[in-house]
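Subject: Structure handover

Hello,

Here is the structure I said I would pass on. My notes on it follow below.

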Amino acid sequence: QAAAPLHPVAVQCQEARVVVTVHRDLFGTGRLVRAVDLTLGLAACLPVSQNAAENTVTFVAGLHECGSTLQITSDSLVYKTSLFYKPTSSGNPVIVRTNAAVVPIECHYPRKSNVSSKAVRPTWAPFHSTLSVDEKMVFSLRLMNDDWSTERRSNSFQLGESLHLQADVASGGHVPLTLFVDDCIATLNPDRNSSPRYTLIDLGGCLVDGRADDTTSAFISPRPRQETLQFTVDAFRFAADDRNLIYITCHLKAFPADQAPNPLNKACSFDKASSLWVPLEGTGDICSCCETGNCLLYG
């Protein structure tokens, strides 16, 4: 809603910033406040523009800027800041004709929602899922070349080669995220529930394909960035079936980067030298359920 004397402060919560428009008739009395007496946030950010014709002042700030704070609830990211009006003396130091004021401002962004996609097509084009009108989280799963520098041009492999898979998430500059792969299923058609099916990753991030005696499948350490997860899978085909086209469907999930990995959110590879499950991050005990199969009990 446009800023007007009856609604003197208008707020737009955009994807990565907040826009605050203030009508100078802040108290609805017809007496205009001075623009220099208005600031945004504890960092006292100044307005970026004024509109003399409409008597408005506009602030534009990134969600993390101007001393804003972030509150994480079970289902929302809440960015909080305040508009401050601190009147300065207008020539008579003895009296003032208006009081200081603080207007709380909040921007709410949904933290999670149902995210789904069809199985990744053989072209390995990244798929996208929209969480809400306000915040978009873009998940992608790509087949990379051997040095991880670019996306692989071909999706054909010989047995004995390795698939280099890279999962990513982007969230428009909000709270830093860590990406995990919950599970990956290989099938002969796009339906992940079809038969035959082979599980590559399971139990909230256990790369179970690497547990087999004849594989080297593993997560790549270290991550290139927190919102990226890379892993290799030895090429394979389904026995007793002449088709050589395989669909891999993965469930990706992202969490605030300041949350420590746990048995439900982890990236664990099997180290054959030590015969132990090893986490990409976190303590070793979060991977113990990969062997017992009871990871979901921790939920």
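In what follows, a contact means heavy atoms within 4.5 Å. Please keep in mind that this is a predicted model.

On that definition, Thr 81 touches Leu 40, Gly 41, Cys 66, Ser 68, Val 103, Pro 104 and Ile 105, leaving aside residues up to four places away in sequence. Thr 81 is found in strand 7. Its relative accessibility is 14%, so Thr 81 counts as buried.

Aromatic rings

A search of the whole structure gives six aromatic pairs. One of them is formed by Phe 27 and Tyr 85, edge-to-face, at 5.8 Å centre to centre and with 65° between the planes. This pair links distant parts of the chain, the two residues being 58 residues apart. Phe 27 is in the loop between strand 2 (17-23) and strand 3 (38-40), whereas Tyr 85 is in strand 7 (residues 76-85). Phe 27 counts as partly exposed because its relative accessibility is 39%. Tyr 85 has a relative accessibility of 5% and therefore counts as buried.

A second pair to look at is Phe 219 with Phe 231: the ring centres are 5.7 Å apart and the planes are at 65°, so the pair is edge-to-face. The cut-off behind that label is an angle over 60 degrees. This pair, too, links distant parts of the chain, with Phe 219 in strand 13 (residues 218-219) and Phe 231 in strand 14 (residues 228-234), 12 residues apart. Both Phe 219 and Phe 231 are buried.

Tyr 198, Phe 236 and Phe 238 form one aromatic cluster.

Charges over rings

Lys 86 lies over the face of Phe 84, 5.4 Å from the ring centre. Arg 152 lies over the face of Phe 157, with 4.0 Å to the ring centre.

The residue after that arginine also has an entry here: Arg 153 lies in the loop between strand 9 (138-144) and strand 10 (162-170). Arg 153 has a relative accessible area of 88%, so it is exposed. From C-alpha to C-alpha, Arg 153 and Leu 143 are 8.6 Å apart in space, and they are 10 residues apart in sequence.

Sheet and hairpin

Strands 9 and 10 belong to an open sheet of four strands, in the order 9-10-14-13, with antiparallel pairing. Strand 9 and strand 13 are the edge strands, as each pairs on one side only. Strand 9 and strand 10 run antiparallel and are joined by seven bridges. Within strand 10, Asp 168 is the bridge partner of Ser 140.

Strand 16 (residues 268-271) and strand 17 also run antiparallel, and four bridges join them. Pro 279 in strand 17 is the bridge partner of Cys 268. The hairpin of strand 16 and strand 17 has four residues between the strands, and in it Ser 275 takes a positive phi near 55°.

Which residues of strand 17 point to the buried face? Along strand 17 (residues 276-279) the side chains alternate: Trp 277 and Pro 279 point to one face and are buried. Leu 276 and Val 278 point to the other face and are not buried.

Regards

Note on methods. Residues numbered from 1 in each chain as written. Predicted model: local features only at pLDDT ≥ 70, side-chain atom pairs only at ≥ 80, totals over all residues. Heavy atoms only, no water. Phe/Tyr/Trp six-rings, centres within 6.5 Å; stacked < 30°, edge-to-face > 60°. Buried < 20%, exposed > 50% of the residue type's maximum accessible area, 1.4 Å probe, protein only. Lys NZ or Arg CZ within 6 Å of the ring centre and 35° of its normal. Pairing = 2+ DSSP bridges.
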